Amino acid sequence: MSAYRILLAEDEPAIADTLLFALQREGWQVRHCTLARDAEAALAADPPQLLILDIGLPDDSGLALLGRLRRHSELPVMLLTARADEVDRVLGLELGADDYVVKPFSPREVVARVRAILKRSQPAAVPAGNPGSLFCHEAAARRIRFAGQTLALTPSEYRLLATLLARPGQVFSRSQLLDALGEAAEDSFERTIDSHIKSLRAKLRQVRADLDPIVTHRGFGYALEQG
Ligand code: CA
């Protein structure tokens, strides 16, 4: 399992340092921001698997950030609040936070809660040696997850991978894949498919460097490795 990626938005250095230490000790990759706008930029550029969000950030309320995030994302969020204010907590949960902790908290408690949220939000463990089942295709949302992470795919990459996923083990010729893309056949069609496959593989490798689920059938085309 690759390391979980967590974004921490917290402006108080002492709290941020304590949390960074505790979370990184679990082997998780943690990025840290002190401003809401930096957190939003980081969320857009490279979505983590969980956001730990201080309600009282200097430039904006964490609750406002959460509200904006929930319009387009189901990313698990844990709120940190310094206030004993029940209203913040209730509002946070209504806005779609998965959990919250009230400062001062023990880092161990935060780690345990983060682990629980991550466990809930990840797909069930898959048997080893079965890369096909590492994919989760949410067709209605046009979203494909690989090993629990949503892939940031171009429309062409999405259609290509969705086609391969529909029939694991079946070898698709380049022209069949081109049909799936809805692109007109042209002289360079083989290279078109090859370059899409190349970038797809790079994106899959970012999630699981140890797997290469797309199989090349030289001179013919591609297939998704069968579980
Ligand atoms: Ca704060």
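**Talking through a calcium site, a buried valine and a cavity**

Tutor: In this predicted model, the calcium ion has D11 (OD), D54 (OD) and G56 (O) as its protein donors, at 2.2 to 2.4 Å.

Student: What makes these atoms count as donors of the calcium ion?

Tutor: The cut-off for Ca is 3.2 Å. The atoms of D11, D54 and G56 lie 2.2 to 2.4 Å from the ion, so they count as donors. Along the sequence, their spacing reads D-x42-D-x1-G. D11 sits in the loop between β1 (5–9) and α1 (13–25), while G56 is 45 residues away in the loop between β3 (50–54) and α3 (62–70), so the pair links distant parts of the chain.

Student: Why is D11 called partly exposed?

Tutor: Partly exposed covers what lies between buried, under 20%, and exposed, over 50%. D11 has 25% relative accessibility, so it counts as partly exposed. G56, at 33%, is partly exposed too.

Student: And how do you know whether V110 is buried or exposed?

Tutor: V110 has 0% relative accessibility, and buried means under 20%, so V110 is buried. This residue belongs to helix α5 (residues 107–121), and touches L19, M78, V101 and F105, leaving aside residues up to four places away in sequence.

Student: What makes the lining of the largest cavity nonpolar, polar or charged, by class?

Tutor: The lining residues are R201, L204, R205, L211, D212, P213 and I214. Leu, Ile and Pro count as nonpolar, Asp and Arg as charged, so the lining has four nonpolar, three charged and no polar residues. Helix α8 (residues 189–207) gives the most, with three residues, and the cavity holds about 30 Å³ of space.

Notes: Residues are numbered from 1 along each chain as its sequence is written. This is a predicted model: local features need pLDDT of at least 70, side-chain atom pairs count only at pLDDT 80 or more; totals for chains, interfaces and linings use all residues. Side-chain values use heavy atoms; hydrogens and water are left out. Donors are N, O and S atoms within 2.8 Å of the metal (3.2 Å for Na, K and Ca); water is not among the atoms, so sites may look incomplete. Helices (H or I, at least four residues) and strands (E, at least two) are DSSP runs, numbered from the N terminus. Buried means under 20% relative accessible area, exposed over 50%, partly exposed in between (1.4 Å probe, protein chains only). Contact means heavy atoms within 4.5 Å. On a 1 Å grid over the protein atoms alone, a cavity is a set of points where a 1.4 Å probe fits but cannot get out, and a pocket is an open set with protein on both sides within 12 Å along at least five of seven lines; lining residues have an atom within 4 Å of a point. Grid points are joined across faces, edges and corners, and a volume is the space filled by probe spheres set on the points.
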